[in-house]
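Reader: Could you walk me through how to read the empty spaces, cores and ring pairs of a protein model?

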Amino acid sequence: MKVLRNFMDEVKILQSGSYYMTPFYEYHIPEVYSILHPETERELSNLGYPTVIEALCDLQKDSEVYIVRDKEWNIMMASGVFFSEEPPQLFALFTKHITTNFKGLARGSKLLMSFLDQSYDDLSMQIAEEYVSMLNWAVWLGFHPVGFSDWKNIRYVDFVRCNPTKNCVSDKTSRPVIH
């Protein structure tokens, strides 16, 4: 794996206050792995990944992923869009550093959504119903609950978010039929 010699070498795609977002590369995997929040590790296991490293490698290869760092260069989260679903699915992998400034990260999440709105007409999310704060976060970001799904005895809330700058309907099955 390529080793980053200096955090200053990272491309800062977005900046807000003391946080910045940069693309997630293969050389970030060991750092993210070492600081993932235990709930994030558990969720990756629930999703069927045999190891956290395998999950991170798959996401890095098959998704549009970014990391968010704070002013001390701690990685707060890795987030991005997974393309296996239609519409594409937003995900967030939080690290142990998330508890140091959740408010700042929440504000940065709005910035992330504005960034993704430049590329996507709509996005989906699935969040286990046990994570009430995450469910509230999704609604705060403009996602709307559209149903439930069960997988491996875990109940998930299904969300869809329509790009507010586009004229679209978030739930394609409820679109009117035009003859």
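## Pockets, cores and ring pairs

Author: Happy to. Let's start with the lining of the largest pocket, which by class has 20 nonpolar, 7 polar and 3 charged residues. Please keep in mind that this is a predicted model.

Reader: How is empty space found in general, and what is the volume of the largest pocket here?

Author: Rolling a probe the size of a water molecule over the atoms shows where empty space is left. In this model, the largest pocket holds about 880 Å³ of space. It is lined by 30 residues, and those closest to its centre are E43, L47, F91, A92 and Q126.

Reader: Which elements supply at least two residues of that lining?

Author: Those are α2 (38-46), β5 (89-94), β6 (122-128) and α5 (132-140). Strand β5 gives the most, with 6 residues.

Reader: Since β5 matters for that lining, could we look at one of its residues? Is Q89 buried or exposed?

Author: Q89, which lies in strand β5, has a relative accessibility of 14%, so this residue counts as buried. The cut-off behind that step is under 20% for buried. Setting aside residues up to four places away in sequence, Q89 touches G80, V81 and F82, and also S124, M125 and Q126.

Reader: Now for enclosed space: how many cavities of 30 Å³ or more are there?

Author: The count comes to 1. The largest cavity has a volume of about 160 Å³. Its lining comprises 16 residues, with M21, V68, G108, S109 and L112 closest to the centre. Two or more lining residues come from each of β1 (14-16), β2 (19-23), β3 (63-69), β4 (75-82) and α4 (102-117).

Reader: Which element gives the largest share, and how do the residues divide by class?

Author: Helix α4 gives the largest share, 6 residues. By class, the cavity lining has 10 nonpolar residues, 6 polar and no charged.

Reader: What should I expect of nonpolar side chains, and which residues touch the most other members of the largest nonpolar core?

Author: In soluble globular proteins, nonpolar side chains tend to be buried together. Here the largest nonpolar core has 32 residues, and L116, M125, I127, F143 and F159 touch the most other members. At least two residues of this core come from each of β2, β3, β4, β5, α4, β6, α5 and β8 (154-162). The largest share, 5 residues, is from α4.

Reader: Could we zoom in on I127? What is it in contact with, beyond its neighbours within four places in sequence?

Author: I127 is in contact with M134, L135, A138, R155, Y156, V157 and F159. Apart from the largest core lies another one, of 17 residues, among them F24, V52, V65 and A78.

Reader: Last topic: how many aromatic pairs are there, and how do I read their geometry?

Author: There are 4 aromatic pairs. You look at the distance between ring centres and the angle between planes; under 30 degrees counts as stacked. The rings of Y25 and Y27 have centres 5.6 Å apart and planes at 25°, so this pair is stacked. Y25 counts as partly exposed because its relative accessibility is 38%, whereas Y27, at 17%, counts as buried.

Reader: And which pair is tilted?

Author: One of them is F83 with Y120, at 6.3 Å centre to centre and 35° between the planes. F83 sits in the loop between β4 and β5 and Y120 in the loop between α4 and β6, so the pair ties together parts that are 37 residues apart in sequence. F83 is partly exposed at 42% relative accessibility, while Y120 is buried, with a relative accessible area of 11%.

Note on methods. Residues numbered from 1 in each chain as written. Predicted model: local features only at pLDDT ≥ 70, side-chain atom pairs only at ≥ 80, totals over all residues. Heavy atoms only, no water. 1 Å grid on protein atoms, 1.4 Å probe; cavity = no way out; pocket = protein on both sides within 12 Å on 5 of 7 lines; lining within 4 Å. Points joined across faces, edges and corners; volume = space filled by probe spheres on them. Helix = DSSP H or I, 4+ residues; strand = E, 2+ residues; numbered from the N terminus. Nonpolar A, V, L, I, M, F, W, Y, C, P; charged D, E, K, R; others polar. Core = buried A, V, L, I, M, F, W, Y, C linked by side-chain atoms within 4.5 Å. Buried < 20%, exposed > 50% of the residue type's maximum accessible area, 1.4 Å probe, protein only. Contact = heavy atoms within 4.5 Å. Phe/Tyr/Trp six-rings, centres within 6.5 Å; stacked < 30°, edge-to-face > 60°.
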